Each structure stands twice: as C-alpha cells, then as structure tokens.
Amino acid sequence: MSRAGFERLLAATGALVRALPQLRDFAPWPADPPFADRPPQAIPAIAPIETLDAATTARTAPLAAAVAAVARDAHWEQTYSEAEVGRDFLDRYGWFELLGPGGHFRTGALRAYIAFWGAHLHYPPHLHEAEELYCVLAGEAVFHAAGMPSARLGPEALRLHRASQPHAMDTGAAPILTLVLWRGAGLEGIPRMAPP
Ligand code: ZN
C-alpha cells in the first residue's frame, strides 16, 4: 500500500540530489536500492508534517509533498530521551531513514534521513562520527556549529558538518523539514549530546 508513496519520495529525493551539485557529490546515490518493508512507527508530530505550510522552492516542494504523503506509513524515530530534550521537543520532532543500512530503501553507501522540528525548538549541541550534509526542504532554522558562524537557512540551503563537529539548531516562528545525508566512518552510529 505504502510502497508507491515511498517510491515517489525516493524519486523526488533523487531528483533534488541530482539538481544540487553539493548533494550529488556528497556520496554516490544508488540507482535502484531495494525496498524494505518497514512497519509504520508513529510520532506525535505526524499531523503537522502532513499539513505543513512552510516556505519551499520549486525544487524542494515536490519532496516536501512526498514526505507528507507517506507521513502515516513512515518508520519515525527519535534519538533522544525526554530527560535530554524535554517533552515538548519530543512532541514536535522526529526523523525516519529513507535510504541506508536500516532505511525504507537499503544501501550501504550513505544514509538519507527526513527530519522535522516544529517552531520555537532548541536542538542542543550534539555530534556524531559520520559526516553530514543538511538540505532544508521547507521552513527555516538557525544552524550553529563549532568553529563556524551561525546561519539562518531556508529552503534549498545546505549545511555541512564534519566528523564529530558539535552542532545545534534553533527554529523560530517556522518549523523546518530537512533532508539529511550521512557518509563515511560511523555511518551506522547515532548522534549523542555534546559534553557541556
Ligand atoms: Zn548532525
């Protein structure tokens, strides 16, 4: 039932990756990754993702729409505990692995996540070994990273995080929907909060 929706999402993601050189060059995008039938796993933020009304571009709008269409079928996850980020954060945040070692489509070449945060959330400093490239699909946020100036980034903007570089994010009046690519060592790891 949901496979066609995920196929459309993968195609929209591949089209965006091919359109933006920094995404295209980040990691090899597999031609025909096998579909894995993962069970839906809900988060509280599904309704706001389905009805998301935030700024997009002509290139990112099809992807945001394809995410909304599979929001009830996706295997959503949350990395952090309530003790780490609070209940409000968990009520308005989530991500799923579209493509990767454990994703809706399988590859060992990279991981591609879809991730969402509601308005007025603070994502505390965290880090992971894998290198990471964010692409904003809809909405905006201020991105912070150790050793780099903070930047307010909107649709189609990109942000690279090096291996184990602490980074953080703040949303303002708008939520944010993102495509996040991982590559390299630590591909199957997870983020952890940066030490204070
Ligand atoms: Zn990260």
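**Exercise 1.** In this predicted model, determine which polar contacts the side chain of Thr171 makes with backbone atoms of Leu121 and Gly118, and describe where Thr171 sits.

*Solution.* Begin with the backbone nitrogen of Leu121, from which a polar atom of the Thr171 side chain is 2.7 Å away. Next, take the backbone oxygen of Gly118, which the side chain of Thr171 reaches at 2.7 Å. Both distances can then be held against the cut-off for a polar contact, a pair of N or O atoms within 3.5 Å. As for its place in the fold, Thr171 belongs to the loop that runs between β9 (167–170) and β10 (176–183). Its relative accessible area is 7%, and Thr171 is therefore buried, since that term covers values under 20%. Finally, when neighbours within four places in sequence are set aside, the residues in contact with Thr171 include Trp117, Ala119, His120, Glu140, Ala141 and Ile176, along with Gly118 and Leu121.

**Exercise 2.** Identify the protein donors of the zinc ion, and decide which geometry class its site falls into.

*Solution.* List the donor atoms to start with: His128 and His167 each contribute NE2, while Glu132 is entered twice through OE, and these donors lie 2.1 to 2.5 Å from the zinc ion. Along the chain, the donor residues follow the spacing H-x3-E-x34-H. Then examine the angles among the 4 donor atoms, which run from 56 to 143 degrees; a tetrahedral site would need all angles between 85 and 135 degrees, and the site is classed as irregular. To complete the picture, consider accessibility: His128 is buried with a relative accessible area of 4%, and Glu132, at 4% relative accessibility, counts as buried too.

Key:
Residues are numbered from 1 along each chain as its sequence is written. This is a predicted model: local features need pLDDT of at least 70, side-chain atom pairs count only at pLDDT 80 or more; totals for chains, interfaces and linings use all residues. Side-chain values use heavy atoms; hydrogens and water are left out. Donors are N, O and S atoms within 2.8 Å of the metal (3.2 Å for Na, K and Ca); water is not among the atoms, so sites may look incomplete. Four donors count as tetrahedral if all angles lie between 85 and 135 degrees; four count as square planar and six as octahedral if opposite donors are over 155 degrees apart and all others between 65 and 115; anything else is irregular. Buried means under 20% relative accessible area, exposed over 50%, partly exposed in between (1.4 Å probe, protein chains only). Helices (H or I, at least four residues) and strands (E, at least two) are DSSP runs, numbered from the N terminus. A polar contact is a pair of N or O atoms within 3.5 Å; within protein, one must be able to donate a hydrogen and the other to accept it, and residues adjacent in sequence count only if both atoms are side-chain atoms. Contact means heavy atoms within 4.5 Å.
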